[in-house]
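Please read the following briefing alongside the sequence and the coordinates. The points are grouped by topic, and they concern strands, a pocket and one loop residue.

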Amino acid sequence: MLLDKTQLGSVELSNRMIMAPLTRARADAGHMPNNLMAEYYAQRASAGLIITECTMIAPGTSAFVSEPGIYNDEQINAWKKTTDAVHAAGGKIFMQIWHSGRAAHPLMNNGTENVGPSAIAIDGEVHTPKGKAANTEPRALREDELPTIVVAFKQAALNAIEAGFDGVEVHGANGYLLDAFLRDGSNKREDAYGGSLENRARLLLEVLKAVTGAIGAGRVGVRLSPLNSYNSMRDGDPVALVSYLAEQLNQLDLAYVHLMRADFFNQQEADVVTPVRQNFKGNLMLNMGYSADEAEQVVKDGQADFVAFGTGFLANPDLPARVKAGAEWNTPNPDTFYTPGAKGYTDYPTMD
């Protein structure tokens, strides 16, 4: 099952093993994708689908200093090296499009203020070009500013298609802008975008409608993390939230919903998979800590249609071949996850 060919929206895939989006911070100055990134993604083209690292939809929204962007012509042209390389290797690739929201620090963005649904800062400190600094309190976005963000997501999706991508994944997870609107721990608004589930989901749904209208629903997925506490996130009722979202997303005919099943830090626990599987009628992709055997079983049982692997693909460019052969997996090196250069990026060996 896991290694069978299948259809995902408008894209035919060679297997159900998805490469999850992984921030690697290898872009050049100006958030420019480069040859090294093209090599990295092409090495992993045997994934059923590659989903890129989070990619900025607008300037002034950096949260990692060296993440790529998709908001100008130079970036579009530079990304073509990656999409051409992946397609030449027989792969399929979606771009994850992203607004970092309150996680964008002014020291990473030439003093540009960070924004969010409410004026609530992420706890703790963050690495910036000038060293560690406390996270800053975001400015609460005005309601009249939100249409501009919707348009930026739409344009980013169009830019991704122009750059040769097979589709896009809208990043609605991990405490970034769209997720911060979704969850009541970070959204204390009293207007049409806060309070009720309907209001908190409004911005995400407006973005998805705009993106699907621009490039076609069969080329659009969305990632959700109702439990993840990363970036100081929490929700009072994550099961109710994700159940509501699953029902609403049925109306959009998306290629898939990409669900993170757990919390990085184990602060919130709940079964969010079952309500999404019950309420969402389309393709469900699951993520976080799956072994090959567990992934095979959840697909066989109908609990999921696809399973995404993060560090598995990071350290094993030939992961589907390893699974087929029952071979051991390389061990990822966390010390090189975000460091510049090829070490820990393009030098992981294949079985051969």
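Strand β4 (residues 49-56) is largely enclosed by the rest of the structure, because eight of its eight residues are buried. This description, like those that follow, refers to a predicted model. The pairings of β4 lead on to β5, β10 and β11, and the remaining points deal with a pocket and with Asp235.

**Strand β4 and its partners**
- Strand β3 (residues 17-19) runs parallel to β4, and the two are joined by two bridges; in this pairing, Ile18 has Leu49 of β4 as its bridge partner.
- The pairing of β4 with β5 is likewise in the parallel sense and extends over five bridges, with Ile50 standing opposite Ile93 in β5.

**Strand β10 and its partners**
- Strand β10 (residues 167-172) is mostly covered, since six of its six residues count as buried under the cut-off of 20% relative accessible area.
- The cover extends to both faces of β10, with Gly167, Glu169 and His171 buried on one side and Val168, Val170 and Gly172 buried on the other.
- Strand β5 (residues 93-98) pairs with β10 in the parallel sense over four bridges, and within this pairing Ile97 stands opposite Val170 of β10.
- β10 also pairs in the parallel sense with β11, over five bridges, and here Val170 stands opposite Val222 in β11.

**The second largest pocket**
- The second largest pocket holds about 210 Å³ of space, and its lining is made up of 18 residues, of which Thr61, His99, Val115, Leu141 and Ile149 lie nearest the centre.
- Helix α3 (residues 146-162) gives the most to this lining, with three residues.
- By residue class, the lining of the second largest pocket divides into eight nonpolar, seven polar and three charged residues.

**Asp235 in its loop**
- Asp235 is placed in the loop between β11 (220-224) and α7 (238-249), and at 3% relative accessibility this residue counts as buried, because the cut-off for that class is under 20%.
- A polar atom of the Asp235 side chain lies 2.9 Å from the backbone nitrogen of Asp237.
- When neighbours within four places in sequence are left aside, Asp235 is in contact with Leu182, Arg183, Asp184, Arg200, Leu241 and Gln268.

Definitions and conventions: Residues are numbered from 1 along each chain as its sequence is written. This is a predicted model: local features need pLDDT of at least 70, side-chain atom pairs count only at pLDDT 80 or more; totals for chains, interfaces and linings use all residues. Side-chain values use heavy atoms; hydrogens and water are left out. Buried means under 20% relative accessible area, exposed over 50%, partly exposed in between (1.4 Å probe, protein chains only). A polar contact is a pair of N or O atoms within 3.5 Å; within protein, one must be able to donate a hydrogen and the other to accept it, and residues adjacent in sequence count only if both atoms are side-chain atoms. Contact means heavy atoms within 4.5 Å. Two strands pair if DSSP finds at least two bridges between them. On a 1 Å grid over the protein atoms alone, a cavity is a set of points where a 1.4 Å probe fits but cannot get out, and a pocket is an open set with protein on both sides within 12 Å along at least five of seven lines; lining residues have an atom within 4 Å of a point. Grid points are joined across faces, edges and corners, and a volume is the space filled by probe spheres set on the points. Ala, Val, Leu, Ile, Met, Phe, Trp, Tyr, Cys and Pro count as nonpolar, Asp, Glu, Lys and Arg as charged, and the others, Gly among them, as polar.
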